[in-house]
Amino acid sequence: MVRQSMLLSKEKKPFFSMGIKSSNINQLKSVFATINADSCPFQYNFHLHTNCSDGQLSPESLMEQALQIGLQDLAITDHHSVKGYFRACEWMFRKKSLNPGLNLPHLWTGIEITSNLNGTNVHILGYGFDPDCSTLQKYLTGESPEGRDAQARQVINVLHEAGALVVLAHPARYRRPAVELIEEVYQLGIDGVETYYSYGNSQPWQPSARQTETVKTMADKYHLLQTCGTDTHGNNILVRL
């Protein structure tokens, strides 16, 4: 987690890199507990990409938009990279230095990892983790993992070792039914699912009703955390493309 008062420089990483505290994760759980169909994209957005992976926005431009919109909490979830997160931290520090009274969004660490779940490629999201965790480094190379490292069980376990809350991204986007996939990741110890997602890339953004109902039902059944995000890859964080 990044607090607005933290000190940053090119030589010094964020305070978070000193280690995660359980209270931080409890705070993130509390945020997830408030999320509903109306939370994204103007209050919370936990699925955002920058040009540090396959997005078009720079981390700095993404944060400018988040500030203008008035987002409360967000996470940059670049594929296999936290470079965008650190650049966003630098941006926050510069903004706060120039305007100490500025109310900045709350930025959490985030990542999206391509994983193999019983023969199906899925995307697993991690939040609130320590980016300096040694076992996590093999997933921060910018490349998809391979072999044993790509197995969903392994990805979930390593993210947990780093202190993360772990979430299955867009459960209804894969070639197997969301019901099956959610049951399987639940058995592997996942913490949550991305319940609110626009599968049709609607503009304005809104969660897809049918898929949302299915995912929410499964999340409630297994007492999973529920998140939301636009999965931005384009130049506007309010939509996917």
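Hi everyone, this is a short walk through two sheets, the helices beside them and two residues. Please keep in mind that we are looking at a predicted model.

Let's start with the sheet made of three strands. It is open, its strand order is β1-β2-β3, and the pairing is parallel. At the edges sit β1, residues 44–48, and β3, residues 106–108, each pairing on one side only. If you ignore direction, neighbouring strands here are turned against each other by 20° on average.

Now look at β2, residues 73–76. This strand pairs with β3 through three bridges, in the parallel sense. You can find Leu74 opposite Leu107 of β3. Helix α2, residues 59–69, packs on this sheet and touches β1, β2 and β3. The direction of α2 makes about 165° with that of β2. There is also helix α3, residues 83–98, which lies across β2 and β3 and runs at about 155° to β3.

On to the other sheet. How many strands form it, and in what order? Five strands do, in the order β4-β5-β6-β7-β8, as an open sheet with mixed pairing. Its edge strands are β4, residues 110–117, and β8, residues 225–228, and each of them pairs on one side only. Neighbouring strands are turned by 40° against each other on average, again with direction ignored.

Within this sheet, β5 (residues 120–127) and β6 (residues 165–168) are antiparallel partners, with four bridges between them. One place to look is Ile124, whose bridge partner in β6 is Leu168. Helix α6, residues 209–222, packs on the sheet by touching β7 (192–196) and β8, and its direction makes about 150° with that of β7.

Now for the two residues. Is Leu28 buried or exposed? Leu28 has 0% relative accessibility, so it counts as buried. You will find Leu28 in helix α1, residues 22–34. Setting aside neighbours within four places in sequence, Leu28 is in contact with Phe46, Trp108, Tyr127, Gly128 and Leu165. Leu28 and Asp73 are 45 residues apart along the chain, and their C-alpha atoms are separated by 9.3 Å.

Glu161 belongs to helix α4, residues 152–161. With a relative accessible area of 52%, Glu161 is exposed. Not counting residues up to four places away in sequence, Glu161 touches Cys133 and Thr135. Take Glu146 too: Glu146 and Glu161 are 15 residues apart along the chain, with 19 Å between their C-alpha atoms.

That's my tour, and thanks for listening!

Technical notes. Residues numbered from 1 in each chain as written. Predicted model: local features only at pLDDT ≥ 70, side-chain atom pairs only at ≥ 80, totals over all residues. Heavy atoms only, no water. Helix = DSSP H or I, 4+ residues; strand = E, 2+ residues; numbered from the N terminus. Buried < 20%, exposed > 50% of the residue type's maximum accessible area, 1.4 Å probe, protein only. Contact = heavy atoms within 4.5 Å. Pairing = 2+ DSSP bridges. Axes fitted to C-alpha atoms, helices over the stretch in contact; angles between N-to-C directions.
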